[in-house]
Amino acid sequence: MYEGIEDIFRLLDAGRLKEALTQLQGISMQTNRWELRNRIESTLTAYGYMLQYAQQGMEDPNRKSFYQQTFRTAYELTDAVNIALHSQKTSGMYYDRIRTFGLQPAKAYAELQLQLETFTEDASTAPLLYHDDKRLQTEMGKIHQSHESALTELFDKTWATPFWSDNEAREATLLLQSVLVAPNDLAVMVSAATLSLIRVFDAHKLGFLLEAYRHEHLQVNQRALVGILITIAKHEKRIALYPELLSRFSLLSEDEGFRKNLYTIQMQLLITRETTKIDKKMREEIIPEMMKNAKQLNDPKFRFDESEESEDRNPEWEEWMDKSGMTDKIKEMGEWQMAGADVYMSSFAQLKHYPFFHQVSHWFYPFDLSLPMLAPLKKEFDSSAFSPLKLIAHSDFFCNSDKFSFSLAILSMPQNMREMSMQQMEEQARMNEEQRDKLEALMQQKREAKGISRQYIQDLYRFFKLWQRHQEEEDIFRWKFNLWENSLLGDALQQPEITKELADYLLQKEYLEEAYSLYQKLMNEHSTLAEVYQKAGYIQQKQKHYTEAIRHYEHADILMPDNVWTNKHLAQCYKLSGNMNSALEYYRKVEAVQPDNLSIALQIGQCLARKEAYTEALSYFYKVEYLEKNPDNARRAIAWCSFVSGKNEEALKYYQLLLQQPAPKSHDWMNAGHVYLVKHQIQEALVHYQKAHAMESNHTAFIDKFNKDKATLLSLGLNKEDIQIILDLLL
């Protein structure tokens, strides 16, 4: 944003209209657009008159609408000044296009519509007119070239025209409604309108997207809806100034199909948050591991038995795959994919260098094998019933951008190598019955809206992350996309079942504050689901807000009494907040249901020890020690309880057991030292303290740990001087 413009937007957002217009008038003097400066001056003058009338107490029934209209105009003029200043001084493809259209205006939408309609007619009639293959190929090449030129201009004009005039908006809508313009072309235009709206708000373009959402073709209406939601996320305050847009959103919010699509896209936008994590894991763990394993598979013991007697996989190979962790990694990838996550970002990120991707509009082409550049692959596609290309082309798991990357990578191979590779892939596909059945189902199945929207969001993700000039665009995938908080969507995402699903997803992915805000909303609406209060309590517990956690858990206990999970977490929170009596109450409830739960027995013993009920505590610790396979924690508790109870020999016996372990802990050495110190065996105490001291990062860290036990040592008969002398002896 140009220097000073952001301050003007802040003034407008704060409702300080006159200050904003006054500053805008000053900044506009830097532009070479005299008509823009005149509009700002006339707007400021008209607003000044309104203020004078208001000061004089004159009644004006139109004052409110005039005020809102002036606000809208002020925002639009601020955008226009920002664009004008950047167009004068800023490089970048977007501003290059604006400057180009300033010198040589793009064709009108009506003319572009005619060109696109002509393509549809010419492409369908050419095979009937030209029977010579060579002539047909030449003519089709000209037709496609003309179409490509028109589509590129359509995209650029829509993207780099910041504000549509009323006439341009009407022509754009007529183009959208044409039955002769291919839906794929309209999808590209919708994408251009979305990119334009991300940069600057234009009510005409948002109205165009709302109209496009009504289009019957999924490729068009789902892209339009994604664009609408992105625009709402960016320009919530601006849209609120347009009553006609608000009424259209209100009607949409009442539509069941819209609410369903909205929820789907909201989830898909949330899932994009995980792409960076998945991409990192793929690059740093899964792909390197696969490459390493591929090399190891060259070992003869992992190869297939090629004898005629057996065609089965070597069982040692399967066992080795499990041991190497590859089975789990492949399973994890499958789970990500089934959840709608983007698992192919890493795989295709390196395949965006082809000249095809230098053109902005190409990032938003729906994948179509009828494009001339893919003609060699079209032959492969048509020649085989189970071509791997068909699996790619019909798959919802690959976005359009990645389908183009795959196809261009295949085309870049020498023809003989390409044919061999395709043959190998086809043979592999034929061997896999499950894959073949899946392909047949994909080819027969009608494309679902959620598949289209997911692919499109992934296309957008790649554009904003991988386009060679992506730094010139604002990365929308840094936004949170918490659309449920957006006032413009009304009640569309406010239904309890949707709110809970969103909250559950956010909790699963550890977005705790956002999840809690949604659970809070459900609780404020008096949800009767104990699970909601449990999860709200769990979030507060994780954030160490134990009082709030207890409040939610107790409400869950009312809705679903004597639930073991709730009682266990109530006990934990009471224990962590220092209320041992209440903690014991709930731990004993869990114990009554799970008498053999050694973890609960250990927790009860710890609570009793904190209450200084050492005899009863020891009975629990002895039980855990006897039954637990790894009894070290129980032995520590027995040793400490014995020590503070004056049973020093018993304490030493258990500390010696702990110190005989392969990796004793520093506090085991320290506590054993305490026992020897209380027994006045100074040399032994020093030996154990020195061991503990050596395991700490520095002397201060040791002193801090030691001082935590000072009160206990004093209660057992030592004096301050003796303790200080011991510490000095360690220096």
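In this predicted model, E473 is buried, at 8% relative accessibility. E473 forms a salt bridge with R199, and the closest N and O atoms lie 3.0 Å apart. The pair links distant parts of the chain, with the two positions 274 residues apart. E473 sits in the loop between α23 (449-466) and α24 (496-508). R199 belongs to helix α9 (residues 183-199). Unlike E473, which is buried, R199 is partly exposed, with a relative accessible area of 25%.

A second salt bridge joins the side chains of K205 and D202, at 3.3 Å from N to O. Both partners fall under the 20% limit for burial. K205 has a relative accessible area of 0% and is therefore buried. D202 reaches 5% relative accessibility, so D202 also counts as buried.

The pair D7 and R10 has another setting. Their side chains meet in a salt bridge with an N to O distance of 2.4 Å. The two residues are three apart in helix α1, so about one helical turn separates them. D7 is partly exposed, with a relative accessible area of 38%. R10 is partly exposed too, at 48% relative accessibility.

Salt bridges also form a network, which links D342, K352, D402 and R462. Over the whole structure, the search returns 39 salt bridges. In general, side chains of opposite charge can pair when their charged atoms come close.

Helix α2 spans residues 17-28 and holds 12 residues. From its first C-alpha to its last, α2 reaches 16 Å. This is close to the 16 Å expected at 1.5 Å a residue. The buried residues of α2 are L17, A20, L21, L24, I27 and S28. These buried residues lie on the same side of α2, because they cover an arc of only 125° around the axis. Their cover includes α1 (5-13), α3 and α4.

A nonpolar patch was found on the surface. Y49, Y53 and M58 make this patch, which has an area of about 320 Å². M58 is placed in the loop between α3 (34-55) and α4 (63-89). M58 counts as partly exposed because its relative accessibility is 42%. That value lies between the 20% limit for buried residues and the 50% limit for exposed ones.

Backbone geometry was examined next. Most residues other than glycine have a negative phi. H526 has a positive value, with phi near 60°. H526 is in the loop between α25 (512-524) and α26 (530-542). With a relative accessible area of 65%, H526 is exposed. H680 likewise has a positive phi, near 65°. The loop that holds H680 runs between α34 (666-678) and α35 (682-695). H680 is exposed, with a relative accessible area of 59%. Neither residue is a glycine.

Conventions. Residues are numbered from 1 along each chain as its sequence is written. This is a predicted model: local features need pLDDT of at least 70, side-chain atom pairs count only at pLDDT 80 or more; totals for chains, interfaces and linings use all residues. Side-chain values use heavy atoms; hydrogens and water are left out. Patches are made of residues with over 30% relative accessible area and no salt bridge: like charges are joined within 9 Å, nonpolar side chains (Val, Leu, Ile, Met, Phe, Trp, Tyr) within 5 Å. Accessible areas come from the Shrake-Rupley method with a 1.4 Å probe; for residues, only the protein chains shown count as cover. A salt bridge is a side-chain nitrogen of Lys or Arg within 4 Å of a carboxyl oxygen of Asp or Glu. Helices (H or I, at least four residues) and strands (E, at least two) are DSSP runs, numbered from the N terminus. Buried means under 20% relative accessible area, exposed over 50%, partly exposed in between (1.4 Å probe, protein chains only). The expected span of a helix is 1.5 Å times one less than its number of residues. The arc is that of the directions from the helix axis to the C-beta atoms. Contact means heavy atoms within 4.5 Å.
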